[in-house]
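User: Hi! I am new to protein structures and would like to learn how to read one. Could you walk me through it, feature by feature?

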Amino acid sequence: MIGPIVRELLLQNRETFLISAENVANVMYQHPLSHGLLVLSKVGYTKIPVLGKDDRFVGLVSLSDVVNKMIDLQTISMDPLEGLTVADVMETNVATIDENWELEEVLHLLVDSPFLPVVTEDKVFKGIITRKELLKAVNYMVHELERRNIVSPKVEELKEKLYIVS
């Protein structure tokens, strides 16, 4: 459980956590895989959201997903991408969060992901919450916590430090 003071400090700028869908590079699942490579290369990200009809989130595609189709043990070629779509290589088992996300869930999920897709109940893609934005909040919290609050050890911890036996 996250304490109320820490929660308040972490969520002070909650509105900045979400990078809106219109500001997030993405591809459509039916796009040619070569287009996915082009977008990934141009935006400089290693992984981007994949959308379907009506801006519904369907998965993620990564640069390594595409490159793995292009290489074998001795060569690299664009030829294997011909006829493939983003859907052929995208990751579909992806953790998402809804618009009313909980801080603890986001913290747990961002341990293993650089960003989390935010979707509506109908899977409409709303944007992403990045590890970077949350770490900015953590940085703010660690600098403000003791400046704004009196922080002291709990009684049991204090007894141990002072070698007081009950």
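Analyst: Happy to! Let's start with a term we will need soon: two strands count as paired if DSSP finds at least two bridges between them. Keep in mind as well that this is a predicted model. Now a case: strand 6 and strand 7 are paired in the antiparallel sense, over five bridges.

User: What holds paired strands together in general, and which residue stands opposite Phe-115?

Analyst: Strands of a sheet pair through backbone hydrogen bonds, and the pairing can be parallel or antiparallel. Here, the residue opposite Phe-115 is Thr-130 in strand 7. Strand 6 and strand 7 make a hairpin, with five residues between them.

User: What is notable about Lys-123 in that turn?

Analyst: Lys-123 has a positive phi of about 70° although it is not a glycine. As for its surroundings, Lys-123 is partly exposed, with a relative accessible area of 39%. You can find a second case in the loop between strand 3 and strand 4, where Asp-54 lies. The phi of Asp-54 is near 55°, again a positive value in a residue other than glycine. Asp-54 is exposed, at 62% relative accessible area.

User: Let's step back. How many helices and strands does the protein have?

Analyst: There are six helices and seven strands. Read from the N terminus on, the elements follow the pattern α-β-β-α-β-β-α-β-α-β-β-α-α. The radius of gyration is 22 Å, well over the 15 Å that the globule rule gives for 166 residues, so the protein is more spread out than a compact globule. Along the principal axes, its C-alpha trace spans about 75 × 40 × 25 Å. Of the 166 residues, 31% count as buried.

User: Which strands belong to the sheet with strand 6, and in what order?

Analyst: Four strands form that open sheet, in the order 1-7-6-5, and the pairing is mixed. Strand 1 (18–20) and strand 5 (97–98) are at the edges with a single partner strand each, so one side of each has no neighbour in the sheet. To see the mixed pairing, compare two pairs. Strand 5 and strand 6 (residues 115–119) run parallel and are joined by two bridges; here Asp-98 has Val-119 as its bridge partner. Strand 1 and strand 7 run antiparallel, with three bridges between them, and Ile-19 has Ile-128 as its bridge partner.

User: Is strand 7 mostly buried or exposed?

Analyst: For this we need a cut-off: a residue is buried when its relative accessible area is under 20%. Five of the six residues of strand 7 are buried, so strand 7 is largely enclosed by the rest of the structure.

User: What lies across this sheet, and at what angle to strand 6?

Analyst: Helix 4 (residues 103–110) lies across strand 5, strand 6 and strand 7 (125–130), and runs at about 135° to strand 6.

User: How do I read the two sides of a helix like that, and which residues of helix 4 are buried?

Analyst: The general idea is that an α-helix has 3.6 residues a turn, so residues three or four places apart point the same way. In helix 4, the buried residues are Leu-103, Val-106 and Leu-110. Seen down the helix axis, the buried residues of helix 4 fall within an arc of 65°, so they line one face of the helix. Their cover includes helix 1 (4–10), strand 5, strand 6, strand 7 and helix 5 (131–148).

User: Helix 5 came up there. Is Arg-147 buried or exposed?

Analyst: Arg-147 has its place in helix 5. With 60% relative accessibility, it counts as exposed, since the cut-off for exposed is over 50%.

User: What about the open sheet of three strands?

Analyst: That open sheet has the order 2-3-4, with mixed pairing. Its edge strands are strand 2 (27–28) and strand 4 (57–62), each pairing on one side only. Strand 3 (residues 47–51) and strand 4 run antiparallel, joined by five bridges, and Pro-49 has Leu-60 in strand 4 as its bridge partner. Helix 2 (residues 33–43) packs on this sheet and touches strand 2, strand 3 and strand 4. The direction of helix 2 makes about 135° with that of strand 3.

How values were computed
Residues are numbered from 1 along each chain as its sequence is written. This is a predicted model: local features need pLDDT of at least 70, side-chain atom pairs count only at pLDDT 80 or more; totals for chains, interfaces and linings use all residues. Side-chain values use heavy atoms; hydrogens and water are left out. Contact means heavy atoms within 4.5 Å. Axes are lines fitted to C-alpha atoms, for helices over the stretch in contact, and angles run from 0 to 180 degrees between N-to-C directions. Buried means under 20% relative accessible area, exposed over 50%, partly exposed in between (1.4 Å probe, protein chains only). The arc is that of the directions from the helix axis to the C-beta atoms. The radius of gyration is taken over C-alpha atoms; the globule rule is 2.2 Å times the number of residues to the power 0.38.
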